Amino acid sequence: MKIAVLPGDGIGPEIMAQAVKVLQRLVRDGLKFELEYAPIGGAGFDACGDPLPEATLKLARQADAVLLGAVGGYRYDKLPRQQRPERGLLRIRKELGVFANLRPALVYAELAHATTLKPEVVAGLDIMILRELTGDIYFGEPRGRRTNAKGEREGFDTMLYSESEIRRIARVGFDIARKRHRKLCSVDKANVLETSQLWREVVSEVGKEYPDIALSHMYVDNAAMQLVRNPKQFDVILTGNLFGDILSDQASMLTGSIGMLPSASLDERSKGLFEPIHGSAPDIAGKNIANPLATILSAAMMLRYTCNLEETAQRIEQAVKKVLAKGLRTADIFQEGTRKVGTEEMGDAVVDAL
Ligand code: NAD
């Protein structure tokens with residue numbers, strides 16, 4: 001396995017170092033990884049004036065999988081849009097064609113009290129949010145700024161999905177539901193948006209090929225409410241890029257901390273980009289306090305989805321559970337009665353548990 005390692009900015013390098021430790025521990029058990037590092041985001045801009053340097057993209061294309069930390073930082077906020085770190089992220093997703101973003105939201109028994117909701121609402125929660133990642137209003141053209149007839153500034157974006165884009169993400173959704181509890185809830189805003197009406201139509205058509213899966217549809221505003229009212233009603237949530245972005249961050253809070261949530265973004269052949277769902281957390285960067293578990297769990301997803309190493313993926317997930325059961329916590333998930341540890345110590349503990 002050749003893995004492109006793109007630590008990125010802020011806490012990216014710190015959390016990535018812990019995931020790499022875990023992979024290196026697996027090498028002792030006979031797995032072979034070739035890890036190659038490259039800059040992305042602000043680091044890419046600093047190195048080459050481009051948030052996605054050509055060499056980084058080339059490496060990502062050649063590699064079997066890409067493991068990414070996070071991008072972004074205050075220093076880069078004033079750059080023109082094309083040079084912003086986040087553009088590097090959007091571009092690599094688009095260039096690799098990773099259209100299916102899997103974001104599990106799982107509540108570990110030990111962390112049921114770390115959420116701001118009542119523990120009984122989230123205890124045992126295990127949902128999968130499947131977000132379409134390469135279409136929608138984030139990529140639709142035309143977009144831009146202009147001055148209207150009244151001399152006022154306007155900004156505009158285009159929400160756009162083609163039938164084939166909806167069909168392929170819907171298939172991924174139904175396939176995932178088949179491996180879980182056979183329930184798929186498609187989230188849209190079909191009462192208002194043309195794009196969503198097509199989305200609902202196409203998802204329903206694909207649903208006919210999966211009679212064993214219970215398909216339901218929900219408006220995104222209701223879905224946002226249901227996610228905090230009774231999140232356990234969901235199994236797989238299928239949605240577009242914009243709604244998925246927001247709902248998956250909301251779901252992250254059901255689990256207690258954004259620092260716990262991994263993600264996988266897969267192409268048609270399950271090659272993928274694996275990254276924690278959080279950002280570069282510039283407020284805590286360089287302090288050895290960031291939670292590395294989302295990145296470690298992203299590496300586990302890489303082993304599961306791209307390398308087909310289900311057992312090894314589970315070993316990592318079990319090791320994380322063990323460490324939590326022992327009471328070790330980074331600051332973001334710390335509570336009375338547990339032991340606060342830093343980023344490195346948390347990484348070492350997972351390696352020990354392995
Ligand atoms: P963020 O996710 O970086 O941080 C939000 C809050 O969560 C902060 O208080 C942060 O300290 C905390 N947090 C995040 N990850 C954590 C971890 N692993 N452990 C402990 N605490 C953690 O979001 P933001 O503050 O809105 O954005 C910061 C920068 O990151 C911006 O430049 C933004 O554009 C970028 N960003 C990047 C990604 C990505 O790379 N995928 C995603 C979101 C935001």
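This tour visits selected salt bridges and then the internal cavities of a predicted model.

**Salt bridges**

Across the whole structure, a search finds 26 salt bridges. Four stops follow.

Begin by selecting Glu 95 and Arg 61, whose side chains meet in a salt bridge with an N to O distance of 2.6 Å. Glu 95 belongs to helix H4 (residues 85-96) and Arg 61 to helix H3 (residues 54-62), so displaying both helices shows how the pair links distant parts of the chain, 34 residues apart. Glu 95 is partly exposed, with a relative accessibility of 39%. Its partner Arg 61 is also partly exposed, at 43%.

Next, select Asp 245 and Arg 131. The closest N and O atoms of this salt bridge are 3.9 Å apart. Asp 245 sits in helix H9 (residues 241-254) and Arg 131 in strand E5 (residues 126-132), so the bridge ties together parts that are 114 residues apart in sequence. Is each partner buried or exposed, or partly exposed? Arg 131 counts as buried because its relative accessibility of 2% is under the 20% cut-off. Asp 245, at 24%, counts as partly exposed.

Move on to Glu 209 and Arg 171, which form a salt bridge with 3.1 Å from N to O. Here Glu 209 lies in the loop between helix H7 (194-207) and strand E9 (214-219), while Arg 171 lies in helix H6 (residues 163-179); the two are 38 residues apart, and the pair links distant parts of the chain. Both residues are partly exposed: Glu 209 has a relative accessibility of 42%, and Arg 171 has 32%.

For the last stop of this part, select Arg 25, Asp 29 and Arg 315 together. These three residues are linked in a network of salt bridges. As a general point, side chains of opposite charge can pair when their charged atoms come close.

**Cavities**

Turn now to the interior. How many cavities of 30 Å³ or more does a search of the whole structure find? The search finds two.

The largest cavity holds about 80 Å³ of space. To display its lining, select Asp 136, Met 159, Tyr 161, Val 187, Asp 188, Thr 195, Ser 196, Trp 199, Thr 239, Gly 240, Asn 241 and Phe 243. Colouring by element is useful here: strand E8 (183-188), H7 and H9 are the elements that give two or more residues to this lining. Which of the elements gives the most to the lining? H7 does, with three residues. Colouring by class instead separates the lining of the largest cavity into five nonpolar, five polar and two charged residues.

The second largest cavity contains about 40 Å³ of space. Select Arg 103, Pro 104, Ala 105, Ile 129, Ser 248, Ala 251, Ser 252, Leu 261 and Ile 277, which line this cavity. Two or more of these residues come from each of strand E4 (100-106) and H9. By class, the lining of the second largest cavity divides into six nonpolar, two polar and one charged.

**A closing view**

Finally, keep helix H9 on display. This helix carries Asp 245 of the bridge to strand E5. H9 also gives two or more residues to the lining of the largest cavity, and two or more to that of the second largest cavity.

Note on methods:
Residues are numbered from 1 along each chain as its sequence is written. This is a predicted model: local features need pLDDT of at least 70, side-chain atom pairs count only at pLDDT 80 or more; totals for chains, interfaces and linings use all residues. Side-chain values use heavy atoms; hydrogens and water are left out. A salt bridge is a side-chain nitrogen of Lys or Arg within 4 Å of a carboxyl oxygen of Asp or Glu. Helices (H or I, at least four residues) and strands (E, at least two) are DSSP runs, numbered from the N terminus. Buried means under 20% relative accessible area, exposed over 50%, partly exposed in between (1.4 Å probe, protein chains only). On a 1 Å grid over the protein atoms alone, a cavity is a set of points where a 1.4 Å probe fits but cannot get out, and a pocket is an open set with protein on both sides within 12 Å along at least five of seven lines; lining residues have an atom within 4 Å of a point. Grid points are joined across faces, edges and corners, and a volume is the space filled by probe spheres set on the points. Ala, Val, Leu, Ile, Met, Phe, Trp, Tyr, Cys and Pro count as nonpolar, Asp, Glu, Lys and Arg as charged, and the others, Gly among them, as polar.
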